[in-house]
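Trainee: I should like to take a close look at a single part of this structure. May I put a request to you once it is before us?

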Amino acid sequence: MAAPEHPGGAGHAGAPAQHESGALAVGPAEHVSDPPAHVHAELVPQLVEFGATRSSECDADHVVPAEHVHDDLGTTAHHDRHREQRTGNHVISIRPGRAAAPAQAPAPRRAPLPTHHDEPVLDLVVPVFNEEKDLDPNVRRLHTHLRDTFPYPFRITIADNASTDGTARIAAQLALDIAEVTSLRLPVKGRGRALRAAWSGSRAPVLAYLDVDLSTGLAALLPLVAPLISGHSDLAIGTRLASGARVVRGPKREVISRCYNTLLHWTLAVGFSDAQCGFKAVRREAAERLLPLVRDEEWFFDTELLVLAERAGLRIHEVPVDWVDDPDSSVDILATALADLRGIARMRRTLAATGPRARRPRTTA
């Protein structure tokens, strides 16, 4: 059966466009801004103010049924019917019959997105480097899943960061074959750089990314973005370390992941559980405030994004995921771990210079 065209899916005609930043786009990609070279100190108070403005619209209840999010989205088919407990700015799943810990006052919800859209509501970025083997079948599988399950117009953006194999050619062909796919070619390597370029150039109200190996079960995609569409949260992340997650991976990667996240808790006092899961989403207005502050262009990029978001008082929703590790992953674990340690040290210095973390006012009975 031929894939139906979404209202936001544009056709691909003419020659590929060259962005000012050097990124080559195939398909309906917008302008990509050059990434900043350093943290713009004058933006820090603006970001904190952005998070603090939420305190004027607080919800009355501390516990909100999951159906509230479903109703805003317009579908309940892909959610478990259980309650969600808010703890600070984070939301964790609570199964029926399980006692919930006392919660702080919830951050307010933003307005839900309108039901009808002509342009993509979700821009899902797939960052790739030398992925000619998996790119075509996995992007087609992802597209089929979104076409069949996602109730809004969407776009898939393949962000190729300086691949040296046939990845760029395959990405360009996918962009020509599928109306909802765009190919973005960057001349310099770096996953964070690819995400920054793709997100900065998108006008979709919800921005997300996932790894091309599709290690995360796609059934979690709708629960990931639903709280952002409904206005319930500012960011959403997949977590392999929370109750309800099902993970298949070797003991070495399991130990490294848990040690890294424990280190984040001890050194940066973060509240989110899994910084490294390649499955995240953010509302565009939050991304516009956060991206100029993020300095890392590689694997520490999304950890830094989450730390800054939490410090600004933004709400982060966590979704337990099913995860099957890719045994053929080309990620250099040692080099990535060392880069992450340098990133943590830099963030400690940055946060010490910008003062204490933003906190929302507590409500009293």
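Which strands and helices are included in what covers the buried residues of H3?

Mentor: Please keep in mind that this is a predicted model. Let us begin with the helix itself. Helix H3 runs over residues 135-149 and has 15 residues. From its first C-alpha to its last, H3 reaches 21 Å, close to the 21 Å expected at 1.5 Å a residue. The buried residues of H3 are Leu-135, Asn-138, Val-139, Leu-142, His-143, His-145, Leu-146 and Arg-147; here, buried means under 20% relative accessible area. What covers these residues includes four strands, namely S6 (122-128), S7 (154-161), S8 (181-186) and S9 (206-210). The cover also includes helix H4 (167-177) and helix H6 (221-230).

A second helix makes a useful companion to this one. In helix H9 (residues 301-311), 11 of the 11 residues are buried, so H9 is largely enclosed by the rest of the structure. Among them are Phe-301, Asp-302, Leu-305, Leu-306 and Arg-311. Just after H9, Gly-313 takes a positive phi of about 85°.

H9 also leads us to an internal space. The structure holds three cavities of 30 Å³ or more, and the second largest has a volume of about 40 Å³. Asp-302, Leu-305 and Leu-306 are among the residues that line this second largest cavity, as are Trp-199 and Lys-280. Strand S10 (235-239), strand S12 (279-283) and H9 each supply at least two residues of that lining. By class, the lining has seven nonpolar, no polar and two charged residues.

Technical notes
Residues are numbered from 1 along each chain as its sequence is written. This is a predicted model: local features need pLDDT of at least 70, side-chain atom pairs count only at pLDDT 80 or more; totals for chains, interfaces and linings use all residues. Side-chain values use heavy atoms; hydrogens and water are left out. Buried means under 20% relative accessible area, exposed over 50%, partly exposed in between (1.4 Å probe, protein chains only). On a 1 Å grid over the protein atoms alone, a cavity is a set of points where a 1.4 Å probe fits but cannot get out, and a pocket is an open set with protein on both sides within 12 Å along at least five of seven lines; lining residues have an atom within 4 Å of a point. Grid points are joined across faces, edges and corners, and a volume is the space filled by probe spheres set on the points. Ala, Val, Leu, Ile, Met, Phe, Trp, Tyr, Cys and Pro count as nonpolar, Asp, Glu, Lys and Arg as charged, and the others, Gly among them, as polar. The expected span of a helix is 1.5 Å times one less than its number of residues. Contact means heavy atoms within 4.5 Å.
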